[in-house]
Amino acid sequence: MSQLPKQPAEVSVPTSADVARLAGVSRATVSYVLNNNSTVRISEPTRRRVREAALQLGYVPHAAARSLRAGHSRVVLLPTGRLPEEPLHHFFQELQAGLRGLDYTVVQYGNAGLAADESARAWAELRPVAVVVPPGITLSPHGTEVLIRSGARAVITLGPEPVPGAHGLVMDQRLVGGSAVEHLLARGRRRIGVVMPQEPGLASFSEPRLAGARRAAERTGAHVRPLPLHYEEQSATRLAERWRDLRLDAVFAYNDAYAMLLMRALQDAGIDIPGDTALVGADDLLLGRLLRPRLSTVRMELAIPQPLAETIDRLVHHPGSAPEHHDLLRTSAVHRESS
């Protein structure tokens, strides 16, 4: 008869009292050092002795206990969404590094399968002190209220429009489409296709870009035609096969990835780039510069008055301030061989 493997004895969890005994200091000193409290003067040798003792014992401060002492959590919640633009990836990497440097705990929350208000309630269960909502994830005014009532001192959204009650970093995607089409118009193109990705979660980017493209074209009487496209070779091939019937002399392909996909399909179909059709992407990816012809693109930059981590820290320490809105996106067309 087989026997179950013997379970290991319960491991003793080190406490701050253990750290204090090993370092030869008080528990209060341990708390001041490990919570990075700068209001109390503690010598550097003592701080080093406490950290070494904590490392030796494997002691980690209890997040819930820290929250009780501070009167709020140190958790900043970042819902995970699709970030198609390269500047956003870099922006969020810098944000997380900045928050860690200010002694906040950054928690990423998977958002798949949750409706807008369900998401807000799920985030609120973790009692974050701040929530930063990326583009492509919907937060309603009611959801903002739920978060604030649960203790969030800063709710910040990044998107095409601010959400009532929340601080907003406005990323007007119409500027991307407008910059691309203005670039094409300057090169004499007047029948312009605009790629509309069919992948889930991209409509909040693609629809405003189409609106910006149409707004730029209206000023000159140029024609803009939406072009649905899946991010797959078969879809691009089907579009390229009927390209001559569309009678387009230019295309804004949503971003560099879709532009590269469409460029290859058009070239395979015998369409000359840029002779028959000028092509522009967006994001200014390095790979686009390695293509032949080199890919024209819209470069996007994010501009904010101060690092977002510092803004969050200020809002946490001064809760209840009126919502702040800042225009974040700057765009410029980069002319290369494909246009």
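**Exercise 1. Is Arg127 buried, partly exposed or exposed, judging by its relative accessible area?**

Solution. Keep in mind throughout that this is a predicted model.
- Step 1: Find the residue. Arg127 sits in the loop between α6 (116–125) and β3 (130–133).
- Step 2: Read its value. The relative accessible area of Arg127 is 48%.
- Step 3: Apply the cut-offs. Buried means under 20% and exposed means over 50%, with partly exposed in between. Arg127 is therefore partly exposed.

**Exercise 2. Look at the backbone of Arg127 and Arg247, and work out what is unusual about phi.**

Solution.
- Step 1: Start from the general rule. Most residues other than glycine have a negative phi.
- Step 2: Check Arg127. Its phi is positive, about 50°, although Arg127 is not a glycine.
- Step 3: Check Arg247. Here, too, phi is positive, at about 55°, and Arg247 is not a glycine.
- Step 4: Place Arg247. This residue belongs to the loop between α11 (243–246) and β8. Its relative accessibility is 61%, so Arg247 counts as exposed.

**Exercise 3. Describe the peptide bonds that lead into Pro274 and Pro293.**

Solution.
- Step 1: Recall the background. Most peptide bonds are trans.
- Step 2: Go to Pro274, in the loop between α12 and β9 (278–280). The bond joining Ile273 to Pro274 is cis, with omega about 5°.
- Step 3: Go to Pro293, in the loop between α13 (286–290) and β10 (297–302). The bond from Arg292 to Pro293 is cis as well, and omega is near 0°.

**Exercise 4. Build a picture of the surroundings of Asn255.**

Solution.
- Step 1: Locate the residue. Asn255 lies in the loop between β8 (250–252) and α12 (256–268).
- Step 2: Decide on burial. The relative accessible area of Asn255 is 5%, so this residue is buried.
- Step 3: Follow the polar atoms of its side chain. One lies 3.1 Å from the backbone nitrogen of Ala257. The backbone nitrogen of Tyr258 is 2.9 Å from a polar atom of the Asn255 side chain.
- Step 4: Look further along the chain. Setting aside residues up to four places away in sequence, Asn255 touches Arg209, Gly281, Ala282 and Asp283.

**Exercise 5. Compare distance along the chain with distance in space, using Ala53 and Arg215.**

Solution.
- Step 1: Place Ala53 in helix α3 (residues 44–57). With a relative accessible area of 4%, Ala53 is buried.
- Step 2: List its contacts. Beyond the neighbours within four places in sequence, Ala53 is in contact with Val19, Leu22 and Ala23.
- Step 3: Take the pair Ala53 and Ala166. They are 113 residues apart along the chain, and their C-alpha atoms are separated by 43 Å.
- Step 4: Turn to Arg215, in helix α9 (residues 203–218). Arg215 is partly exposed, at 39% relative accessible area.
- Step 5: Take the pair Arg215 and Gly177. Along the chain they are 38 residues apart, while their C-alpha atoms are separated by 8.9 Å.

**Exercise 6. Characterise the largest pocket.**

Solution.
- Step 1: Give its volume. The largest pocket holds about 280 Å³ of space.
- Step 2: Find its centre. Of the 16 lining residues, the closest to the centre are Ile137, Thr138, Pro160, Glu161 and Val163.
- Step 3: Ask which element supplies the largest share of the lining. Strand β4 (residues 154–159) does, with 3 residues.
- Step 4: Sort the lining by character. It divides into 9 nonpolar, 6 polar and 1 charged residue.

Conventions:
Residues numbered from 1 in each chain as written. Predicted model: local features only at pLDDT ≥ 70, side-chain atom pairs only at ≥ 80, totals over all residues. Heavy atoms only, no water. Helix = DSSP H or I, 4+ residues; strand = E, 2+ residues; numbered from the N terminus. Buried < 20%, exposed > 50% of the residue type's maximum accessible area, 1.4 Å probe, protein only. Contact = heavy atoms within 4.5 Å. Polar contact = N/O pair within 3.5 Å; in protein donor to acceptor, adjacent residues only side chain to side chain. 1 Å grid on protein atoms, 1.4 Å probe; cavity = no way out; pocket = protein on both sides within 12 Å on 5 of 7 lines; lining within 4 Å. Points joined across faces, edges and corners; volume = space filled by probe spheres on them. Nonpolar A, V, L, I, M, F, W, Y, C, P; charged D, E, K, R; others polar.
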